[in-house]
Amino acid sequence: SVTVANLIPARVTLLSVTSWVITAITGATSYSVGNAAGQSQYGSALGIAAGSQNVGGLGPVFTYDSGPVVVTAGGANFTAGRLGLSVAYLQPTGPN
């Protein structure tokens, strides 16, 4: 698995974690996107071909702490490929 530390900021309402395949993934037959609490929280058995994408909606969920996004290979280990990851969230602020 590959962990992107603190991709999810603290004190936000999380809407989705989106992933897309930039360069075809090899080795693995699929992949999952999750967090420390759940390996497939934002998507599982996702496609490995270039251009494949997934909008992993889950919420909205408010989070107090920042957290990682974890990408886990399915079927075998990753040997090559490139993914993009994006987090959509709302970040409230107090009065100035």
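Mentor: Let's begin with a term: strands (E, at least two residues) and helices (H or I, at least four) are DSSP runs, numbered from the N terminus. What you see is a predicted model, in which local features need pLDDT of at least 70, side-chain atom pairs count only at pLDDT 80 or more, and totals for chains, interfaces and linings use all residues. Residues are numbered from 1 along each chain as its sequence is written, and side-chain values use heavy atoms, with hydrogens and water left out.

Trainee: OK, which strand does Val2 lie in?

Mentor: Read along the sequence, the pattern is β-β-β-β-β-β-β, which fits a protein with zero helices and seven strands. Val2 lies in strand 1.

Trainee: And is Val2 buried, partly exposed or exposed?

Mentor: Buried means under 20% relative accessible area and exposed means over 50%, with partly exposed in between (1.4 Å probe, protein chains only). Val2 has a relative accessible area of 45%, so it counts as partly exposed.

Trainee: How far apart in space are Val2 and Val71, C-alpha to C-alpha?

Mentor: Contact means heavy atoms within 4.5 Å. Leaving out residues up to four places away in sequence, Val2 touches Val69, Val70, Val71 and Phe78. Val2 and Val71 are 69 residues apart in sequence, yet their C-alpha atoms lie at a distance of 5.2 Å.

Trainee: How many bridges does strand 1 share with strand 6?

Mentor: Two strands pair if DSSP finds at least two bridges between them. Ile8 stands opposite Gly67 in strand 6. Strand 1 (residues 2-8) pairs with strand 6 in the antiparallel sense, and the number of bridges is four.

Trainee: Strand 6 pairs with strand 3 too. What is the bridge partner of Ser30?

Mentor: Strand 3 and strand 6 also run antiparallel, over five bridges. Strand 6 is mostly covered, with six of its eight residues buried. In strand 6, the bridge partner of Ser30 is Gly74.

Trainee: Let's go inside. Which strand gives the most to the largest nonpolar core?

Mentor: A nonpolar core is a set of buried Ala, Val, Leu, Ile, Met, Phe, Trp, Tyr and Cys residues joined through side-chain atoms within 4.5 Å. The largest has 14 residues, and those with the most contacts inside it are Ile8, Leu14, Val17, Tyr31, Val33 and Tyr42. Strand 2, strand 3 (30-34) and strand 6 (67-74) each supply at least two residues of this core. With five residues, the one that gives the most is strand 2.

Trainee: Which tyrosine is Val33 in contact with, leaving aside its neighbours within four places in sequence?

Mentor: Val33 is among the residues with the most contacts inside the core. Its contacts beyond those neighbours include Val17, Leu46, Val69, Val70 and Val71, and the tyrosine is Tyr42.

Trainee: What is the order of the strands in the open sheet?

Mentor: The sheet has three strands, and the pairing is antiparallel. Its edge strands, each pairing on one side only, are strand 5 (53-63) and strand 7 (80-90). Strand 2 (residues 12-26) is joined to strand 7 by 10 bridges, with Thr26 opposite Ala80. Put together, the order is 5-2-7.

Trainee: Is Ser16 buried or exposed?

Mentor: Ser16 is found in strand 2. Not counting residues up to four places away in sequence, Ser16 touches Val55, Gly56, Gly57, Leu58, Ser86, Val87 and Ala88. Its relative accessibility is 10%, so Ser16 counts as buried.

Trainee: What kind of aromatic pair do Phe62 and Tyr64 form?

Mentor: Rings of Phe, Tyr and Trp (its six-membered ring) pair if their centres lie within 6.5 Å; planes under 30 degrees apart count as stacked, over 60 as edge-to-face and the rest as tilted. A search of the whole structure finds one aromatic pair. For Phe62 and Tyr64, the centres are 4.9 Å apart and the planes are at 80°, so the pair is edge-to-face.

Trainee: What is the relative accessibility of Tyr64?

Mentor: Its ring partner Phe62 counts as partly exposed at 38% relative accessibility. Tyr64 counts as exposed, and its relative accessibility is 54%.

Trainee: Last one: what percentage of the 96 residues count as buried?

Mentor: The C-alpha trace spans about 50 × 25 × 20 Å along its principal axes. Of the contacts with a separation of 6 or more, 78% are between residues 24 or more positions apart. Among the 96 residues, the share that counts as buried is 33%.
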